[in-house]
Amino acid sequence: MKQARFRHFGEAQRDDWALIDNRFRDYVADAPRRVLGHLHRLAGDHHGYPVNRYEHSLQTATRALRDGADEEMIVCALLHDIGDELAPANHAEIAAAILEPFVDPLNAWMIRHHELFQGYHYRHFFGQDPLAREQYRDHPAYERTVRFCDHWDQASFDPDYDTLPLEHFVPMVERVLGRTPHGGLPEPLPEEALR
Ligand SMILES: [Fe+2]
């Protein structure tokens, strides 16, 4: 497969960038498959929880779906813990970063803050303030983040729940992550424009 031959960006020409941009677009288009591949990795260790994170993710998405949430919200539910393995101390940021270019900014905020909001249900066991989320009471995403955590996320550790398989959600992930990212992707200028 063709590749550029520059040794540093100072040598790169328009054709190099056009070639790289082409490959990048294919790479972007294939991102949903890679994201779903990573989601599978959460099926490993259950970390002491009643279900592993993969099952928890599917269950969270299933509950959102059965509660009538829209497709974007269901995809957020499915992917909200995908950063658990790579960034266990900061996992919400990973999912928020993956989703942010394609979803409503309020949904990205919801995913970014879900860990703190979820803490309403356990922070007191660690000597922390379970009401810490109240600092965001006036935020426009407050209600949806409470709903996300209270109805779907914290409720989805039931090994006996009738959880839908991943296949059910794949087309949804492909549609949401297949959207044009906010702001679009920059395109290389035509040859004439550079003369
Ligand atoms: Fe979760």
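Helix 6 passes helix 7 in a right-handed crossing. This is a predicted model. Helix 6 covers residues 105-118 and helix 7 covers residues 142-153. Their axes come within 8 Å and cross at roughly 55°. That angle falls outside the ranges for roughly parallel, roughly antiparallel and roughly perpendicular pairs. Helix 6 and helix 7 are therefore oblique to each other.

Now look at the residues that meet. Helix 6 brings Leu106, Met110, His113, His114, Phe117 and Gln118. Helix 7 brings Arg144, Thr145, Val146, Phe148, Cys149 and Asp153. Sorted by class, this contact of helix 6 with helix 7 has six nonpolar, four polar and two charged residues.

Next comes the nonpolar interior. The largest nonpolar core has 35 residues. Inside this core, Ile74, Cys76 and Leu99 have the most contacts. Several helices give two or more residues to the core: helix 3 (53-66), helix 4 (71-79), helix 5 (91-99), helix 6, helix 7 and helix 8 (170-177). Helix 4 gives the most, with seven residues. The two helices of the crossing, helix 6 and helix 7, are thus also on the list of core elements.

Take Leu99 as a way into the core. Setting aside residues up to four places away in sequence, Leu99 touches Cys76, Leu79, Ala108 and Ile111. Cys76 is itself one of the residues with the most contacts inside the core.

Back to helix 7, which holds His151. Is His151 buried or exposed? Neither label applies: His151 has 15 C-beta neighbours inside 10 Å, so this residue counts as partly exposed. A buried residue would need 20 or more such neighbours, and an exposed one would have 12 or fewer. Apart from neighbours within four places in sequence, His151 is in contact with Arg63 and Asp67. His151 and Ala64 are 87 residues apart in sequence, yet their C-alpha atoms are 8.1 Å apart in space.

Finally, turn to Arg41. Where does Arg41 lie? Arg41 is in the loop between helix 2 (31-40) and helix 3. Arg41 has 13 other C-beta atoms within 10 Å, so this residue is partly exposed. What separation in space goes with 27 residues along the chain, from Arg41 to Arg14? The C-alpha atoms of Arg41 and Arg14 are separated by 39 Å.

Definitions and conventions: Residues are numbered from 1 along each chain as its sequence is written. This is a predicted model: local features need pLDDT of at least 70, side-chain atom pairs count only at pLDDT 80 or more; totals for chains, interfaces and linings use all residues. Axes are lines fitted to C-alpha atoms, for helices over the stretch in contact, and angles run from 0 to 180 degrees between N-to-C directions. Helices (H or I, at least four residues) and strands (E, at least two) are DSSP runs, numbered from the N terminus. Angles under 35 degrees count as roughly parallel, over 145 as roughly antiparallel, 65 to 115 as roughly perpendicular and the rest as oblique. A crossing is left-handed if the near helix is turned anticlockwise from the far one by less than a right angle, and right-handed if clockwise. Two residues are in contact if their C-beta atoms, placed from the backbone, lie within 7 Å. Ala, Val, Leu, Ile, Met, Phe, Trp, Tyr, Cys and Pro count as nonpolar, Asp, Glu, Lys and Arg as charged, and the others, Gly among them, as polar. A nonpolar core is a set of buried Ala, Val, Leu, Ile, Met, Phe, Trp, Tyr and Cys residues joined through C-beta atoms within 7 Å.
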